[in-house]
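Here are my notes from going through this structure. Keep the viewer open and find each spot as you read.

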Amino acid sequence: MFEDFLNSLQNFRRNKMRTMLSILGVIIGVASVIVIMSLGSSSTKQIQDTLGSAGLDVVSISSGFMSRRGSSSSITFNESFREDLYDSVPGIKQVWYKNSLNATLTYGTYSASAQCTAVETGYLEMYGIQLDDGEFFSVTDNAKGTQKIILGNEIASSLFPNGDALGKNILLVTSNVTFSFEVIGVLKEQSAGMESTSTGCYIPRGFYSKKITPNPTASTVMVQAVSEDAATSLVDVIQSYCDKVSGSSNSVSVSSMQTMISQMSSITGTLSAMLAAIAAISLLVGGIGIMNIMIVTVTERKQEIGIRKALGASPAVIRQLFLVESASITIMGGIAGILLGIAITFAAEYVMSLSYVISVNACFVAFAFSVFVGIFFGLSPASRAAKLDPVKALAGE
């Protein structure tokens, strides 16, 4: 077989242009599959990097369709719900309540709009959110409802261009009511999943329940699972519990970071696979081109085939000769396609500022498929050559 391969290389050198045109379709097909699959993997990694690793053990519960319509079957996120949820659902480490409000923050001549979140003591630390400067809320801050605030880094930069936010008093305006808050912390810029550490701000939920909305129900319930592995299964368990309590399947919406990442990864993976399948069609087109070239090659080399058969070559040997030649074309095209695909992928990821990811599986699959195409489409011309009558082959040009 190695001798057949060397013989194939000699034939390729004699017909360079024909060989290049045959290889071109394979190169384009393999490169297209690799680029599409790699960009899909890169997009998935970009999503994961953007959402970050914080909050992977947290499950979010918010009002569902029935609750927004004011149905009598809706669930109220009060203290009774917190206690019942903790006691009824296994795998829960802690339950956190929070509320959100739109606010305008002002300091001197500077102002900024922000999504302000009222949280309980320890919630930010639990979520893995880090401080660039200052401190988190204490138990006293939440119990007494102190007027303290922690700013996201972009909000802090907007209000305090010189970076001296700590200890300053700012005004927070919400629903046409103005409150004064002391800045006790500025958050680091980081990927924190469902929490905004850049454009948001945080106040003690104790203050929210005393001054803004007395005795409020939570707008969102954040459930911390006993482990990251337990968070995914906890989503279904909590959903079933809430459906049972409310008597409706639309009373709450339950989600987690892991399910969100999984769903997004599934979507990008499916789209990439569909596009790769479309790109693989060019490999089939290239295979048809190889078959045509091999038919021409068999016709041109009739006398060679006749001589080989006259010297005792069996049909199997003749068939192998042309199959090796057909496979050699796709092997060279596959290698060139992999190199081209990797180069294009790196260039595209650099231009689009994506994470550098090359799909090794795509390289392997595309290469294996290209070799299969070469053998499959080379089989008919090879069989045709094997069946030639040596007398007729020697007699014709």
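1. Start with helix α11, which covers residues 302-310; its buried residues are I305, G306 and K309. Looking down the axis of α11, you'll see that these buried residues fall within an arc of 100°, so they line one face of the helix. Just after α11 comes G312, which has a positive phi, near 105°. Keep in mind throughout that this is a predicted model.

2. Helix α4 (residues 79-88) is a good one to look at next. Which residues of α4 are buried? They are F81, R82 and L85. These residues cover an arc of only 105° around the axis, which puts them on the same side of α4. Turn to the other side of α4 and you'll find E83 and D87, which are exposed. As for what covers the buried residues of α4, the list includes β1 (58-63), β2 (92-107), β9 (220-225) and α9 (228-246).

3. R82 deserves a second look, since its side chain meets that of E120 in a salt bridge, at 2.7 Å from N to O. E120 sits in the loop between β3 (110-119) and α5 (123-126), while R82 belongs to α4, so the pair ties together parts that are 38 residues apart in sequence. Are these two buried or exposed? Both E120 and R82 are buried.

4. Let's do the other charged pairs. Side chains of opposite charge can pair when their charged atoms come close. How many salt bridges does the structure hold? The count is 4. One of them joins D141 to K148, with the closest N and O atoms 3.2 Å apart. D141 is buried, because its relative accessibility is 3% and the cut-off for buried is under 20%. Then there is D164 with K168, whose side chains meet at 3.8 Å, N to O. Here D164 is partly exposed, at 38% relative accessibility, and K168 is partly exposed too, with a relative accessible area of 25%. Salt bridges that share partners also join E79, R82 and E120 into one network.

5. Now for helix α12, residues 315-351. You can check its length yourself: at 1.5 Å a residue, the 37 residues of α12 should span 54 Å, and the C-alpha atoms at its ends are 53 Å apart, which agrees. After α12 you reach S353, whose phi is positive, near 55°.

6. Stay in α12 and pick out A327. A327 counts as buried, with 10% relative accessibility. Its C-alpha atom is separated from that of I290 by 9.7 Å, and the two residues are 37 residues apart along the chain.

7. There is also a nonpolar patch on the surface, formed by F346, Y350, V351, M352 and Y356. Together these residues have about 590 Å² of accessible area. Among them, F346 lies in α12 and is partly exposed, with a relative accessible area of 36%.

8. Two serines are worth clicking on. S42 is in helix α2 (residues 16-51), and its relative accessible area is 0%, so S42 is buried. What does S42 touch, once you skip residues up to four places away in sequence? Its contacts are E349, L354, S355 and V357. The other serine, S359, is in the loop between α12 and α13 (360-386). S359 is buried as well, with a relative accessible area of 10%. Leaving aside neighbours within four places in sequence, S359 is in contact with M37, S38 and S41.

9. Finally, zoom out to the whole chain. The protein chain has 14 helices and 10 strands. Of its 397 residues, 46% are buried. The accessible surface comes to about 19400 Å², and 58% of that belongs to carbon and sulfur atoms. Take the contacts with a separation of 6 or more: residues 24 or more positions apart account for 77% of them. The E120 and R82 pair from point 3, 38 residues apart in sequence, is a handy example of distant parts of the sequence being tied together.

Notes: Residues numbered from 1 in each chain as written. Predicted model: local features only at pLDDT ≥ 70, side-chain atom pairs only at ≥ 80, totals over all residues. Heavy atoms only, no water. Buried < 20%, exposed > 50% of the residue type's maximum accessible area, 1.4 Å probe, protein only. Helix = DSSP H or I, 4+ residues; strand = E, 2+ residues; numbered from the N terminus. Arc of directions from axis to C-beta. Patch = residues over 30% accessible without salt bridge, like charges linked within 9 Å, V, L, I, M, F, W, Y side chains within 5 Å. Areas by Shrake-Rupley, 256 points an atom, 1.4 Å probe, with all protein chains shown as cover. Contact = heavy atoms within 4.5 Å. Expected span 1.5 Å × (residues − 1).
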